[in-house]
Amino acid sequence: MKKLLIYPAIDDARLARIQQVSNQLTVCNARDLSQALTEIKDADAFFGKITPPLLAAAEQLQWIQSPTASLEHYVFPELVTHPCQLTNMRGLFYDVIADHVLGFVLCFARNLHRYIRQQYEADWQPIGGTAGKPDFVTGPGQVSEVDRSHLHLSDCTLGVVGVGSIGAEVCHRAAAFGMTVYAVDPLTREVPGVVDDVWDIDRLPDLLAISDFVVIAAPHTPQTEKLFRAKQFRQMKSSAYLINIGRGAIVDLQDLTTALEQGDIAGAALDVFEIEPLPSSHPLWQMPNVIITPHIAAASPRVPERHLETLLENIRCFLNGQPFLTLADKSLWF
Ligand SMILES: NC(=O)C1=CN([C@@H]2O[C@H](COP(=O)(O)OP(=O)(O)OC[C@H]3O[C@@H](n4cnc5c(N)ncnc54)[C@H](O)[C@@H]3O)[C@@H](O)[C@H]2O)C=CC1
Ligand SMILES: O=C(O)C(=O)CO
């Protein structure tokens, strides 16, 4: 018989689903910290928010399940050196966050974010003037110059930084829109839809130089913290857009603001920020080429059930001695 400790306590409906997994499992849903500190002593597995005092009280803990995908605020030095295995909640959001990213791409390509602002003013003003519009819209006459204020997605290249579950789905969707797709990742080497093999992260400058859209779908780790500074923005095309749905700490907020003010890049769509919530006085709020969503790219009615399913599947793996679905490397934070 194995013992799973849950702390903080979860609701009765989810508890009942966990209890149905196996009669080889005792589940303790601790109501307060003092109960958790007592019960963790002989627990084999833990789900919830582990802390140094809880870990110190554990005598036979083999597995910890984090309730979040990201681990930067979860791991601490004693946890890294502890022999237990750690699993996270990655892989729940791959499709819905990829949809969010493609929504950003479409806004920038077709200026939808700017036309929505114009609509409030009843302003019938084609962005970029009339150049580039076909005769059947403007009336007879010749298109005099190539106007790139509205993009043709199948002419565009999208570069993804981090092709885990979310990044790979972004690649699939972008390829389905006819975009050319490249990616960098330290571990993954192949993703269907990506033009070449996935490049190693040391080729980030190459990715930045060719991309019309750069999508950050990596975790916050010691390696990715402030990976994007002024230098990286200068390596991007001045016509390119940055999209960050990974973690705010990956992008230096001040350098990004300066890059946008200077026109080093054309715009940014951001779901995550170095400072959350983004202060109401921050200049990004007023920039017409910036789209802000308040860390909700993962919002979906399907996520709570997927969250529970991942926990249940990892419990089954634990009881059956099989490899976990979402094993993480404690020292790498993902
Ligand atoms: N905006 C939001 O609401 C949400 C954001 N996230 C963030 O998205 C991240 C990715 O989620 P998943 O795709 O599910 O995780 P995942 O673990 O499946 O994929 C992460 C990928 O990033 C790669 N990576 C690690 N270090 C890297 C580096 N230095 N440079 C480039 N790539 C690197 C990994 O090799 C892996 O392929 C999470 O860690 C989390 O921080 C996750 C859920 C919701
Ligand atoms: O699980 C995470 O890391 C999230 O950001 C969920 O929104």
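User: In this predicted model, is tyrosine 120 buried or exposed?

Analyst: Exposure is read from relative accessible area, with over 50% counting as exposed. Tyrosine 120 has a relative accessible area of 69%, so the residue is exposed. Tyrosine 120 belongs to helix H6, residues 112–120. Together with Leu112 and Ile116, Tyr120 forms a nonpolar surface patch with about 350 Å² of accessible area.

User: How many aromatic pairs does the structure hold, and how is a pair read?

Analyst: Two rings pair if their centres lie within 6.5 Å, and planes neither under 30 degrees nor over 60 apart count as tilted. The structure holds seven such pairs. In one of them, tyrosine 182 and tryptophan 199 have ring centres 5.1 Å apart and planes at 40°, so this pair is tilted. Tyrosine 182 is in strand S7, while tryptophan 199 is in the loop between S7 and helix H9 (204–210), so the pair ties together parts 17 residues apart in sequence. Both residues are buried.

Phenylalanine 228 and phenylalanine 233 make another tilted pair, at 6.2 Å centre to centre and 45° between the planes. Phenylalanine 228 is buried at 0% relative accessibility, and phenylalanine 233 is buried at 0% as well. Ring pairs also link Trp63, Phe318 and Phe324 into a cluster.

User: Which residues of H8 are buried, and what covers them?

Analyst: Buried means under 20% relative accessible area. In H8 (residues 165–176), the buried residues are Ile166, Gly167, Ala168, Glu169, Val170, Cys171 and Ala174. Their cover includes helix H5 (94–110) and strands S6 (157–161), S7 (180–184) and S8 (213–216). After H8 comes glycine 178, with a positive phi near 85°.

Terms used. Residues are numbered from 1 along each chain as its sequence is written. Chains are lettered from A and ligands numbered from 1 in the order in which they are written. This is a predicted model: local features need pLDDT of at least 70, side-chain atom pairs count only at pLDDT 80 or more; totals for chains, interfaces and linings use all residues. Side-chain values use heavy atoms; hydrogens and water are left out. Helices (H or I, at least four residues) and strands (E, at least two) are DSSP runs, numbered from the N terminus. The expected span of a helix is 1.5 Å times one less than its number of residues. Buried means under 20% relative accessible area, exposed over 50%, partly exposed in between (1.4 Å probe, protein chains only). Contact means heavy atoms within 4.5 Å. Patches are made of residues with over 30% relative accessible area and no salt bridge: like charges are joined within 9 Å, nonpolar side chains (Val, Leu, Ile, Met, Phe, Trp, Tyr) within 5 Å. Accessible areas come from the Shrake-Rupley method with a 1.4 Å probe; for residues, only the protein chains shown count as cover. A salt bridge is a side-chain nitrogen of Lys or Arg within 4 Å of a carboxyl oxygen of Asp or Glu. Rings of Phe, Tyr and Trp (its six-membered ring) pair if their centres lie within 6.5 Å; planes under 30 degrees apart count as stacked, over 60 as edge-to-face and the rest as tilted.
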